[in-house]
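Trainee: Could you take me through this model one feature at a time? I would like to start with a single residue and then go on to the sheet and the helices.

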Amino acid sequence: MSQDNEYLPPKVWKWEKASGGEFANINRPIAGPTHDKPLPMGKHPLQLYSLATPNGVKVTIMLEELLARGHAGAEYDAWPIRIGEGEQFGSGFVEVNPNSKIPALRDHSTTPPTRVFESGSILLYLAEKFGEFLPRDHAGRSETLNWLFWQMGSAPYLGGGFGHFYAYAPTKIEYAIDRFAMEAKRQLDVLDRRLAESRYLGGDDYTIADIANWAWYGQLALDRVYDAGEFLQVQEYEHVQRWAREIDARPAVKRGRMVNRTFGPLEQQLHERHDASDFETNTQDKR
């Protein structure tokens with residue numbers, strides 16, 4: 001690229017035009033609500049406001065896994081937040097998550113109700129609340145949290161970096177795609193090396209570290225994210241592939257992927273969830 005065509009940043013950046021490609025209509029440099037809209041409230045103590053993005057499915061998978069282990073207290077109401085329409089900027093949602101990002105959870109079993117936002121925080125909150133999917137021994141807990149927080153720090157480079165420039169940016173920028181494709185493959189290699197020595201990320205047991213990482217990297221390995229499987233040659237990461245397929249086969253994972261899903265094949269969508277029987281009803285409605 002010649003110097004004449006390069007962008008020269010001004011001394012002071014100003015928001016003078018929409019930016020963000022496909023998501024330009026919801027991107028802005030300020031926080032806070034744009035409109036008044038209370039959140040709906042269902043019959044269960046746990047109220048989830050989310051969408052079936054990778055960050056969103058972490059929480060619905062976790063809740064379905066807890067229910068599969070017999071924790072009736074993990075029953076929840078799930079309400080879709082259509083981020084493409086800016087519903088995350090409603091006053092009720094901003095009250096639960098001032099960062100206006102999904103997922104967000106409110107636990108009404110406490111007085112006053114506890115708000116929990118950021119997907120990693122929600123996974124940890126639920127693991128501690130129900131005593132599941134987080135080892136109790138110091139070493140196992142530490143290793144699990146290592147990989148949970150590794151995902152929280154690494155996935156923005158996959159989503160906001162590679163995913164944005166490869167799939168959503170209005171123009172294809174070779175430097176940006178190369179930069180973040182390299183990082184995405186490096187991250188896959190980090191996981192592959194770990195999974196070569198361990199069945200799951202935290203050790204021998206399936207934990208919140210696997211749930212968090214599978215939502216991004218497992219689905220990437222299964223070519224469900226950004227249509228980038230061939231581009232990134234995800235089949236090369238054999239241990240990630242083994243791990244991704246094993247988790248994908250879990251019934252709770254299959255259910256969790258459906259909740260608050262408003263896109264894709266109809267049989268894989270469940271726009272709202274208020275009871276376990278919703279899955280059966282959903283399947284019957286779409287036959």
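Mentor: This is a predicted model. Begin with Glu128, which is found in helix H3.

Trainee: Is Glu128 buried, partly exposed or exposed?

Mentor: Burial is read from the relative accessible area, and values between 20% and 50% count as partly exposed. Glu128 has a relative accessible area of 47%, so Glu128 is partly exposed.

Trainee: Which residues does Glu128 touch, not counting those up to four places away in sequence?

Mentor: With those neighbours left out, Glu128 touches Leu134 and Arg141.

Trainee: Now the sheet. In what order do the strands lie?

Mentor: The order is E2-E1-E3-E4, in an open sheet of four strands with mixed pairing. Strand E2 (76-80) and E4 stand at the edges; each has a single partner strand, so one side of each lacks a neighbour in the sheet. From one strand to the next the twist averages 15°.

Trainee: Which strands run parallel, and how many bridges join them?

Mentor: E1 and E2 run parallel and are joined by five bridges. Ser50, for example, has Pro80 as its bridge partner in E2. Helix H1 (residues 54-68) packs on the sheet and touches E1 and E2, its direction making about 150° with that of E1. Helix H3 (residues 119-130), the helix that holds Glu128, also packs on the sheet. H3 touches E1, E3 and E4, and its direction makes about 130° with that of E4.

Trainee: In what sense does E3 pair with strand E1 (residues 46-50)?

Mentor: The sense is antiparallel, over four bridges. Within that pairing, Asp107 in E3 is the bridge partner of Leu46. E3 also pairs with strand E4 (residues 114-117), again antiparallel and over four bridges. There, Arg106 has Arg115 as its bridge partner in E4, and a hairpin of six residues joins E3 to E4.

Trainee: Which way do the side chains of E3 point?

Mentor: In a regular strand the side chains alternate between the two faces of the sheet. In strand E3 (residues 104-107), Ala104 and Arg106 point one way, while Leu105 and Asp107 point the other way. All of these residues are buried.

Trainee: Next, helix packing. What describes two packed helices?

Mentor: The angle between their axes and the distance between the axes. For helix H6 (residues 208-221) and helix H8 (residues 238-248), the axes come within 9 Å and cross at roughly 110°. H6 is therefore roughly perpendicular to H8, and their crossing is left-handed. On the H6 side the contact is made by Asp210, Asn213, Trp214, Tyr217, Gly218 and Ala221. H8 supplies Val240, Gln241, Trp243, Ala244, Ile247 and Asp248. By class, the residues of this contact of H6 with H8 are seven nonpolar, three polar and two charged.

Trainee: How do the axes of H1 and H6 cross?

Mentor: The axes of H1 and H6 come within 9 Å and cross at roughly 140°, which makes H1 oblique to H6. The crossing of H1 and H6 is right-handed. From H1, the residues Pro54, Asn55, Val57, Lys58, Ile61 and Met62 take part. They meet Ile208, Ile211, Ala212, Trp214, Ala215, Trp216 and Gln219 in H6.

Trainee: How do the residues of the contact of H1 with H6 divide?

Mentor: They divide into 10 nonpolar, two polar and one charged. Note that Trp214 of H6 is listed in the contact with H8 and in that with H1.

Terms used: Residues numbered from 1 in each chain as written. Predicted model: local features only at pLDDT ≥ 70, side-chain atom pairs only at ≥ 80, totals over all residues. Heavy atoms only, no water. Buried < 20%, exposed > 50% of the residue type's maximum accessible area, 1.4 Å probe, protein only. Helix = DSSP H or I, 4+ residues; strand = E, 2+ residues; numbered from the N terminus. Pairing = 2+ DSSP bridges. Axes fitted to C-alpha atoms, helices over the stretch in contact; angles between N-to-C directions. Parallel < 35°, antiparallel > 145°, perpendicular 65-115°, else oblique. Left-handed = near helix turned anticlockwise from the far one by under 90°. Contact = heavy atoms within 4.5 Å. Nonpolar A, V, L, I, M, F, W, Y, C, P; charged D, E, K, R; others polar.
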